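Please look through the structure below before reading on, and keep it in view while the paragraphs lead from one place to the next.

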Amino acid sequence: YDRTVRLWDVGTGHCLKTLQGQDRIQAVAFSPDRKTFASGSDDHSIRIWDVSSGLHLKTLQGHTNWIGSVAFGPDGETLASGSYDQTVRLWDTRTGECLKTLQGHTSWIGAVAFSPDGGMLASGSYDQTIRIWEVDSGQCLKTLEGYTRWVGSVAFSPDGSQLVSGSESYNVRIWDADTGQSLKVLQGHAGTVWSVAFSPDGKTVASASEDSTIKIWNIKSGQSLK
């Protein structure tokens with residue numbers, strides 16, 4: 001909210017660069033090759049930055065409200081963004097062109113995530129649903145329902161077969177990405193779940209909550225490990 005993006009050396013904890021030029025920053029994401037990253041702002045824009053130099057490379061414009069989430073596709077050239085204007089946009093980061101505008105959500109979008117093969121995109125919204133989109137066509141393949149509060153985080157498993165989500169309902173859900181079926185509801189947090197991630201082997205999930213805890217879950221049993 002201080003209108004800066006900071007790049008940090010994870011090993012030392014030192015701040016390497018402080019980048020300015022946008023309004024409040026709501027979302028950041030590295031490209032797969034780690035040479036560039038994107039930042040989404042309240043000024044309705046997305047900026048593409050060069051990691052090594054800190055130079056601003058491109059500004060992606062088209063959303064009509066602030067940006068709540070950004071994610072690179074595995075090809076490193078396609079970027080997805082979710083906005084308070086209730087749309088998801090797909091961008092070509094080389095040209096800055098908006099490739100598609102995905103419509104269907106009825107409220108703001110706080111989370112977007114590509115499947116590992118880049119063929120699908122998941123979006124989580126304040127409308128209490130998750131939508132799974134086909135990237136090539138821009139069509140909504142499935143709408144995942146079951147939440148009674150907004151969805152703030154989504155992530156695909158490494159093999160793309162499952163999806164994990166976190167919400168204002170305090171729980172974490174595991175979904176079958178192909179059928180849209182809810183497989184498990186992981187309960188134990190006492191606050192909104194803002195961030196979720198699968199482990200590289202797909203056997204565990206981490207969830208971070210407004211209750212000031214991070215929980216590690218066993219996917220098979222649904223039990224909290226730590």
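A residue is called exposed when its relative accessible area is over 50%, and buried when that value is under 20%, with partly exposed lying in between. Because serine 212 reaches 72% relative accessibility, it counts as exposed. The model you are viewing is a predicted one, and in it serine 212 sits in the loop that joins strand S20 (204-209) to strand S21 (214-218).

The backbone at serine 212 deserves a careful look, since its phi is near 75°, a positive value in a residue other than glycine. Most residues other than glycine have a negative phi. Glutamine 86 also has a phi near 75°, and its place is the loop between strand S8 (78-83) and strand S9 (87-92). With a relative accessible area of 34%, glutamine 86 is partly exposed.

From these loops we can turn to the interior, where the largest nonpolar core has 14 residues, and where Ala122, Ile130, Leu144, Val154, Phe156, Leu163 and Trp175 touch the most other members. At least two residues of this core come from each of strand S11 (109-114), strand S12 (120-125), strand S13 (130-134) and strand S15 (151-156), and the largest share, 3 residues, is supplied by S15. Leaving aside neighbours within four places in sequence, tryptophan 175 is in contact with several residues, including Ile130, Leu144 and Leu163.

Aspartate 178, in the loop between strand S17 (172-176) and strand S18 (182-186), is exposed, with a relative accessible area of 54%. Apart from its neighbours within four places in sequence, aspartate 178 is in contact with Lys142 and Ser161.

Methods: Residues numbered from 1 in each chain as written. Predicted model: local features only at pLDDT ≥ 70, side-chain atom pairs only at ≥ 80, totals over all residues. Heavy atoms only, no water. Helix = DSSP H or I, 4+ residues; strand = E, 2+ residues; numbered from the N terminus. Buried < 20%, exposed > 50% of the residue type's maximum accessible area, 1.4 Å probe, protein only. Contact = heavy atoms within 4.5 Å. Core = buried A, V, L, I, M, F, W, Y, C linked by side-chain atoms within 4.5 Å.
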